[in-house]
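Here is a short tour for anyone meeting this structure for the first time. Have a look around, then read on.

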Amino acid sequence: SQRLGDTLQSSVRRVLELDTLGAKVICNDDDLPDPLQQALKHWNGAKRGGAKGERIREAMKAKAIRGEGLGKPPFGYRIGSDGKLEVMPDEGDTVRLIFDLYTKEDMGMRRIVRYLNERGVATRGGRGWSIVTVRDVLRNRAYLGTYTRFGMRVPRSHQPIIDPSEFNMTQERMARGKTERVSHPSEPFLLSGFVYC
């Protein structure tokens, strides 16, 4: 995110502009994938933001603590007049459907993608679904009514779409799926030990 501007303010402005255009901005740092957090870390560490950067950082943190949306809201929500996330009925129904197909119908992500696309259920941008968009929905804690930003979690900050037990069941199944895929019998390649890269 520091490459998007030469100050904290311009970096944050560009991230938010990209967000409003429908682009998903993430950082390749596993510890700080949120571009706003990444920008704050960089500019605070570089001391380039100065007093103005600190004021921006504090204002954004205060908004996050109050559960007010920063940037593009997750699918199923919009930012209401009070600044908090509120459920969009049609998108909220789609979120519930995705969780139901995964937990109750025991569908995998590929089948869910096919199911949604065959029935013409569009994403917010009007495009078709992909495994990544379905996976992001299934992992998003916002559907529990929890707002997460700057490493803080604000529970019950907005109306939940998914029941906690269904969300937890989904996370357990996704974790099991990862370990099941990794364990496969390893057979040596025909030319192992004879040919090297």
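A residue is called buried here when its relative accessible area is under 20%. Keep that cut-off in mind, and remember that what you are looking at is a predicted model. Pro73 makes a good test case: its relative accessible area is 17%, so Pro73 counts as buried.

**The overall layout**

Let's step back for a moment. The chain has 197 residues, and 38% of them are buried. Its secondary structure adds up to 7 helices and 4 strands. If you walk along the sequence, you meet them in the order α-α-α-β-β-α-α-α-β-β-α. Among contacts in the chain with a separation of 6 or more, 52% link residues that sit 24 or more positions apart. As for the outside, the accessible surface comes to about 12,600 Å², and carbon and sulfur atoms account for 53% of that.

**Three buried residues**

Back to Pro73, then. You'll find Pro73 in the loop between α3 (50-65) and β1 (77-79). Setting aside neighbours within four places in sequence, Pro73 is in contact with Arg78, Ile79, Leu85 and Arg124. Glu86 is 13 residues away from Pro73 along the chain, and the C-alpha atoms of the two are 9.4 Å apart.

Next up is Gln37, which belongs to helix α2 (residues 35-46). Is Gln37 buried or exposed? With a relative accessible area of 16%, Gln37 is buried. The C-alpha atom of Gln37 lies 9.6 Å from that of Cys27, and those two residues are 10 apart along the chain.

The last of this little group is Thr94, a resident of helix α4. Thr94 has a relative accessible area of 12%, so it is buried too. Which residues does Thr94 touch, not counting those up to four places away in sequence? They are Phe75, Val121 and Trp129.

**How α6 meets two other helices**

Helix α6 (residues 131-139) packs against α5, and its axis also crosses that of α4. Here are the two pairings side by side.

| Helix pair | Angle between axes | Axis separation |
|---|---|---|
| α5 and α6 | about 105° | 9 Å apart |
| α4 and α6 | roughly 90° | within 10 Å |

Angles of 65 to 115 degrees count as roughly perpendicular. The α5 and α6 pair is therefore roughly perpendicular. On the α5 side, the contact is made by Met109, Arg110, Ile112, Val113 and Leu116, while α6 brings Ile131, Val134, Arg135 and Leu138. Sorted by class, that contact holds 7 nonpolar residues, 2 charged ones and no polar ones.

The α4 and α6 pair is likewise roughly perpendicular, given its angle. Here Val95, Ile98, Phe99 and Tyr102 of α4 meet Val134, Val137 and Leu138 of α6. What classes of residue make up the contact of α4 with α6? It has 7 nonpolar residues, with no polar and no charged ones.

**Arg173 and the loop it touches**

Now for one more helix. Arg173 sits in α7, which covers residues 164-182. Leaving out residues up to four places away in sequence, Arg173 touches Tyr102, Thr103, Asp106, Met107 and Gly108. With Met107 there is a polar link: a polar atom of the Arg173 side chain lies 3.4 Å from the backbone oxygen of Met107.

Asp106, another of the residues that Arg173 touches, is worth a look of its own. Asp106 is placed in the loop between α4 (89-103) and α5 (109-118). Most residues other than glycine have a negative phi. Asp106 is not a glycine, yet its phi is positive, at about 55°.

Technical notes:
Residues numbered from 1 in each chain as written. Predicted model: local features only at pLDDT ≥ 70, side-chain atom pairs only at ≥ 80, totals over all residues. Heavy atoms only, no water. Polar contact = N/O pair within 3.5 Å; in protein donor to acceptor, adjacent residues only side chain to side chain. Contact = heavy atoms within 4.5 Å. Axes fitted to C-alpha atoms, helices over the stretch in contact; angles between N-to-C directions. Parallel < 35°, antiparallel > 145°, perpendicular 65-115°, else oblique. Nonpolar A, V, L, I, M, F, W, Y, C, P; charged D, E, K, R; others polar. Buried < 20%, exposed > 50% of the residue type's maximum accessible area, 1.4 Å probe, protein only. Areas by Shrake-Rupley, 256 points an atom, 1.4 Å probe, with all protein chains shown as cover.
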